[in-house]
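Subject: Structure handover

Hi,

Here is the structure you asked about. Please open it alongside this note; my findings follow below.

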Amino acid sequence: MRNITIAQRSAFTISVEAENISPDKFAPLTLSQIKSLAVWQGNRQRTLSDLFVIEGDDAPAKAEELTIRLSGDFSQVKRIAEGMTAGVVLAEGSVGMHAGNNMKGGLLSIAGNADDWLAREMRGGKVVVMGNAGNYLGGGYRGEKCGMRGGEIEVRGSAGAYLGEHLCGGSIRILGDAGDFPGAANQGGTIFIGGSAYLPGAEMSKGTITVKGEAKVLPSFQRLEIVQVDGLAFQKYAGDNVDNGKGELLVGVGSS
Amino acid sequence: MIIRGGIVYDPANGIYGDEMDLFIDKGRMVESAKGEEIDARGLLVMPGGVDAHSHIAGKKVNTGRIMRPDDARLGTQPRTAVCRPSTGYTVPNCYAMGYRYARMGYTTAFEAATPILEARHTHEELEEIPIIDKGALTLFGNNWQVMECVRDKDLSKLAAYVAWGLRAARGYGVKIVNPGGGEAWGFGTNVKGVNDAVPNFDVTPAEIIRGLAEANEMLRLPHSIHLHFNNLGKPGNYTTAIETLDMLKDIKPSRMRQVVHVAHMQFSAYGGTSWRDFESKAPAIADYFNGHSHATMDMGQLLFGSATTMTADAPLEYGNARLTHNKWSNHDIELEESSGVVPMAYFRKMLVNAVQWAIGLELALLVKDPWKVLLTTDHPNGSPFVNYPEVITLLMSRPKREAEMATLHDQVPKRTTLAGIEREMDWTDIAIMTRAAPARILGLEDKGHLGPGADGDVSIYDLRPEEVDTSQDHALVKKSLATAKYTIKGGVVVSKEGQILATPPGRTFWVDAAVPQPEADRVMVDLEEKFARYYSVQMANYAVQDAYLPHGKAILAGLSISRGVA
Amino acid sequence: MSEAIMIRDAVCSFCGCLCDDINVEVEDGKVSRVRHACRLGSSKIMGHGRIQSPMIRKDGVLVAASFSEAYERAAQILLAASKPLLYGWASTSCEAAKKGILLAEEVGGVLDSTATVCHGPSVIGIEEKGLPGATLGQVKNRADTIVFWGCNPAEAHPRHSLRYSSNSSGKFTPQGREGRKIIVVDVRETRTSKNADKFMRIVPGSDYEVISALRMLIAGKGEILPDVIGGVKKVDLADIAATLKSARFGAIFFGLGITHSRGRYKNIDNALSLVAELNSHTKFVIMPMRGHYNVGGIGQVLAWSSGYPMSVDFTRGAPYFNPGETAACDLLAKRDVDAALIIAADAVSNFPHATAEGLASIPVIQIDPYENPTTILSDVVIPCAIAGVEVEGTAYRMDGLALRLRKLVDSSLPSDEEILTGILESVHRQRQRKANQGA
């Protein structure tokens with residue numbers, strides 16, 4: 001196994017775009033080559049080592065044998081682990097927008113919070129967030145039909161608005177609350193929300209959304225029977241009937 | 001400038017692969033000149049490419065961009081010392097359009113449909129497209145003034161209005177899209193055929209088409225009417241196509257050219273009664289073209305992958321959006337037109353798409369005279385124009401066609417005749433379909449050829465016509481055509497091996513057709529009333545001002561009209 | 001005293017209506033009388049207190065400077081920044097916008113328009129569903145049913161109803177207002193709702209649910225709806241749905257009441273679907289009520305130049321677009337810009353508080369004819385001639401129609417386009433100087 005640790009040299013005012021921080025990009029490179037990878041801060045192109053201290057094993061190794069540790073706060077660093085296919089990225093703190101964009105494999109684990117668009121257009125692999133996630137978790141790009149198509153996301157805290165928008169596959173599990181419109185235009189993915197949600201599943205045509213806590217449900221969802229899942233009672237709805245009504249929404253009835 | 005030793009294809013001047021030197025001086029082809037020498041020994045040399053039908057500028061193109069950030073993010077390239085940034089694939093930004101045409105060896109492209117009311121916007125975008133020369137066809141087929149003149153059988157007034165409209169729009173020619181259907185769409189309906197009455201206007205599509213064709217010839221316009229048929233895109237529509245063409249065959253052209261140019265014929269060569277028994281009627285259409293000389297067409301070839309459909313045929317677009325469950329933009333233009341934009345993807349395994357793909361190729365291969373068929377994809381309806389090299393190689397190589405067909409829905413050989421077509425085009429055919437014929441069909445005398453006085457637009461490809469086997473080496477042909485070794489525009493090397501070296505502004509051609517003052521005055525009476533009662537803008541603010549054509553080039557036409565010709 | 005000159009059919013450069021029938025009398029180089037314009041347009045054309053001279057902040061105080069000094073200082077600020085924001089563009093010409101986009105490319109900045117605080121959500125909705133629209137004349141000539149949703153044209157677009165909508169008349173609408181049904185949907189009574197045939201008052205933030213319910217009713221699936229949706233009884237909603245469905249030509253105009261209530265772009269997304277579905281039954285179009293006269297124009301120019309209609313990040317040389325990340329408000333709230341050029345917009349007054357605060361901590365260049373709250377925190381202030389009054393140019397009406405603005409009177413001040421050109425030239429000069437020093 002190869003280990004590489006990255007720490008910020010000092011706090012940023014302007015956010016940094018660092019799509020090169022990814023096991024796939026690091027794998028074939030020596031440490032000094034990694035240090036000279038490009039990152040952008042606004043309109044200034046810099047090298048990774050201009051902004052970060054990079055330490056670890058020097059010898060190139062396959063992506064699946066690589067673990068990248070992000071030491072400290074990376075909440076101003078965007079696009080970490082973009083497109084990664086294998087290996088592990090461990091963030092000890094928080095990460096900026098677009099972490100795990102278009103991720104296809106491997107593990108992205110975040111001990112702090114993740115900013116908006118975590119795992120946008122994810123295809124495979126796993127993302128775990130111990131804190132909260134921002135808006136558009138597992139979402140898509142503006143104007144695209146599909147957001148996330150595969151893989152697994154787990155958030156121990158809460159998530160922001162529009163989580164799993166245009167979800168076409170994969171699963172998202174939020175232990176806390178979700179913001180507005182989770183699972184909008186869901187076309188075949190699975191979402192579990194441990195807390196509450198507002199207007200889940202708008203225009204969904206396929207897939208399942210489960211909200212364990214309270215949910216404001218759209219009038220265009222058809223109320224069906226009460227079902228038991230893992231010993232808990234859920235009100236089942238079919239929706240969204242403004243579309244074909246073939247999605248499934250389960251809302252907990254335990255507390256209300 | 002001297003271009004040395006190229007193998008030149010200039011069919012308009014009877015040159016079919018001769019080794020020769022070419023000379024350019026002050027932006028024009030000349031008999032001899034000095035200056036920069038370009039070594040083209042043994043390489044394929046043709047006039048700069050001319051695209052006679054492409055959607056490159058105006059409201060619907062920009063609507064395509066605005067509703068498709070998903071497309072804009074494809075093909076993104078940063079700015080350079082010479083170039084502005086590029087974005088988009090099916091709906092590129094203005095800069096990318098100029099650079100991509102130039103890289104491919106094209107130096108001229110015409111926007112296919114602009115309503116007069118929104119022509120100002122079209123010219124704003126045309127002016128922003130670098131390098132290439134351009135022009136815009138003007139929509140007349142659903143225009144209230146046109147329909148009233150047709151209803152009143154007042155042909156001279158109609159001609160006077162067309163001349164006025166072209167000048168107001170700074171337009172190049174008369175475009176007709178689903179005549180009558182656009183007006184009907186104003187209340188959500190359509191016309192079903194050429195003899196179906198247009199609601200509220202007491203005219204038929206047939207009368208509109210014929211009236212405009214006659215007015216077009218009366219005005220001696222450089223281009224003929226440019227027609228998008230009724231019922232386009234529907235199974236069984238080939239009968240509408242033939243019925244429409246046949247009612248125009250007795251009209252005498254005022255110039256040495258066709259009487260009607262059919263836009264994107266592929267979309268109107270359909271048999272069957274529904275999508276279920278959908279089949280190609282390309283052979284019937286090709287027979288008609290082989291037997292008649294008054295009509296030309298462009299292919300409107302469809303290729304698999306992403307496209308964005310955009311047309312003044314608004315009801316068609318609503319149908320497309322409902323059928324594919326896709327996003328839908330619509331834009332109706334008061335007193336003049338309607339239009340729509342819908343993203344699209346075409347699939348090899350989708351029978352309808354695979355048959356459509358074959359129909360475009362059948363048309364081009366079955367029509368014997370290449371001067372009658374232009375190579376287009378109806379960008380970006382059938383495919384983006386950057387894929388022209390794919391279309392060319394399909395026309396030049398039967399093995400390539402067979403390899404492609406093997407990947408398609410297996411019903412294609414039963415629903416089309418493509419599998420049995422042996423014809424493989426040569427460089428002369430291609431030079432005609434992409435250069436000489438579009439220029440002649442548009443009436444652009446200085447384009448599409450390399451004779452003295454022609455525009456100094458030349459493309460040189462890294463291909464040796466005397467060595468390469470276009471049937472077998474189609475991959476090499478495609479690669480070489482995609483990126484010209486040199487593209488020369490007006491005597492300036494604008495692109496070399498894919499790198500843009502210079503971005504001169506292109507010119508915008510428009511047609512200024514003179515009509516006798518009394519006829520112009522008669523139209524003004526009608527127009528003043530229309531502006532007072534119906535238009536939402538004042539007449540004084542309607543016509544495109546000179547400021548929008550800093551590189552405009554007027555082509556004069558027109559005729560003295562005597563009353564009672566109709 | 002010279003004789004008054006009458007300028008006919010001038011275009012009013014105040015709101016998105018771009019009324020082009022304004023008659024203006026000019027005496028001694030000044031506008032003396034404005035006819036046909038509403039009070040808002042009239043007041044703009046007549047003119048009021050202007051910034052007289054460029055100013056540069058020195059030792060904390062704005063002091064008068066020459067234009068060339070102001071351009072040099074502005075270029076210095078932009079070149080020193082690693083992420084400059086170029087914001088505004090709603091009340092100037094497309095010609096200025098073109099130069100601004102070039103400047104944003106040159107200095108590697110983010111360009112955003114005031115759409116970000118008005119119809120930005122509409123644009124995102126359109127990216128989801130497309131825009132089934134028409135020119136305003138189409139509504140004038142054909143519409144027998146008009147819905148105003150979350151907008152109040154009686155106050156914000158005073159001539160809209162007479163020229164284009166409720167009270168206009170045309171070929172198929174000879175009776176004007178009498179032949180039309182006007183429906184207003186809003187969370188409160190307005191002057192517009194008082195003139196309506198039907199006012200549907202909804203609970204704030206319930207737009208999305210109400211639209212979904214209408215879609216269900218239009219599709220004949222009303223039976224599963226609850227009895228009350230968004231504070232409206234199902235029977236009343238059914239009545240509205242029936243009216244929409246039976247229209248010969250219907251039009252929905254919408255405003256900030258729906259784009260900025262809970263749901264934001266999803267509300268528009270849903271409304272666009274409603275209109276698309278209505279077209280299976282009859283003819284319907286929908287249109288945002290754009291506020292500033294050329295907020296549509298910057299969107300058009302930006303789209304054909306960069307591929308995107310707003311919030312475009314040029315910092316890495318290639319355009320990147322992602323509202324929520326690249327919009328002016330997002331960047332300022334996150335303190336993710338280090339300089340700003342504000343043109344043809346009063347950012348400080350229009351931004352949310354936290355966002356406006358973001359401006360206070362960075363160097364700001366202002367280009368504007370008028371002093372406003374943004375001036376107070378600017379480091380460079382450059383006064384300009386007013387497009388559509390003192391300068392010609394292009395503007396796009398709320399329906400996307402381009403019109404040519406007239407010049408009515410002379411100004412000694414440069415146009416926005418000239419100012420931006422001046423700054424661009426300074427940028428080139430300073431960059432060249434730096435390159436020479438480096439060599």
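How many salt bridges does the rule find across the interface of chain B and chain A? There are two. Keep in mind throughout that this is a predicted model.

**Chain B against chain A**

One of these salt bridges pairs B:R73 with A:E121. Their closest N and O atoms lie 2.6 Å apart. Five residue pairs are in polar contact between chain B and chain A, with both partners at pLDDT 80 or more. On the chain B side, the residues touching chain A are one nonpolar, three polar and three charged.

The contact itself takes seven residues of chain B and eight residues of chain A. Together the two chains bury about 570 Å². Carbon and sulfur atoms account for 40% of that area. Three residues, B:P69, B:D70 and B:R73, supply 69% of what chain B buries against chain A. No other three residues give more. B:R73 is thus on both lists: it is in that trio, and it forms the salt bridge with A:E121.

**Chain B against chain C**

Here 56 residues of chain B meet 65 residues of chain C. The buried area is about 5000 Å². Carbon and sulfur atoms give 52% of it. Which three residues supply the most of chain B's share? They are B:I66, B:E124 and B:F187, with 14% of the area that chain B buries against chain C.

The rule finds six salt bridges across this interface. One of them joins the side chains of C:E106 and B:R79, at 3.5 Å from N to O. The count of residue pairs in polar contact is 41, again with both at pLDDT 80 or more.

Several elements of chain B each supply at least two residues to the side that touches chain C. Among them are helix 1 (59-67), helix 4 (119-128), helix 11 (314-324) and strand 16 (329-332). By class, that side of chain B divides into 23 nonpolar, 16 polar and 17 charged residues.

**Chain C on its own**

Chain C has 18 helices and 22 strands. Its radius of gyration is 23 Å, close to the 22 Å that the globule rule gives for 439 residues, so chain C is as compact as a globular protein of that length. Along the principal axes, the C-alpha atoms fill a box of roughly 75 × 55 × 35 Å. Of the 439 residues in chain C, 67% are buried. Take the contacts in chain C between residues at least 6 apart in sequence: 68% of these join residues at least 24 apart.

**One residue to look at: C:E325**

Where is C:E325 found? C:E325 sits in the loop between strand 17 (320-321) and helix 14 (328-333) of chain C. Is this residue buried or exposed? C:E325 has 4% relative accessibility, so it counts as buried.

Its side chain makes a polar contact with the side chain of A:K78, at 2.9 Å. Leaving out residues up to four places away in sequence, C:E325 touches residues of chain A and of chain C. In chain A these are A:K78, A:M97, A:H98 and A:W117. In chain C they are C:Y320, C:D330 and C:L331.

Best wishes

Key. Residues are numbered from 1 along each chain as its sequence is written. Chains are lettered from A and ligands numbered from 1 in the order in which they are written. This is a predicted model: local features need pLDDT of at least 70, side-chain atom pairs count only at pLDDT 80 or more; totals for chains, interfaces and linings use all residues. Side-chain values use heavy atoms; hydrogens and water are left out. Contact means heavy atoms within 4.5 Å. Buried area is the accessible area (1.4 Å probe) that two parts lose on being put together, summed over both. A salt bridge is a side-chain nitrogen of Lys or Arg within 4 Å of a carboxyl oxygen of Asp or Glu. A polar contact is a pair of N or O atoms within 3.5 Å; within protein, one must be able to donate a hydrogen and the other to accept it, and residues adjacent in sequence count only if both atoms are side-chain atoms. Ala, Val, Leu, Ile, Met, Phe, Trp, Tyr, Cys and Pro count as nonpolar, Asp, Glu, Lys and Arg as charged, and the others, Gly among them, as polar. Helices (H or I, at least four residues) and strands (E, at least two) are DSSP runs, numbered from the N terminus. The radius of gyration is taken over C-alpha atoms; the globule rule is 2.2 Å times the number of residues to the power 0.38. Buried means under 20% relative accessible area, exposed over 50%, partly exposed in between (1.4 Å probe, protein chains only).
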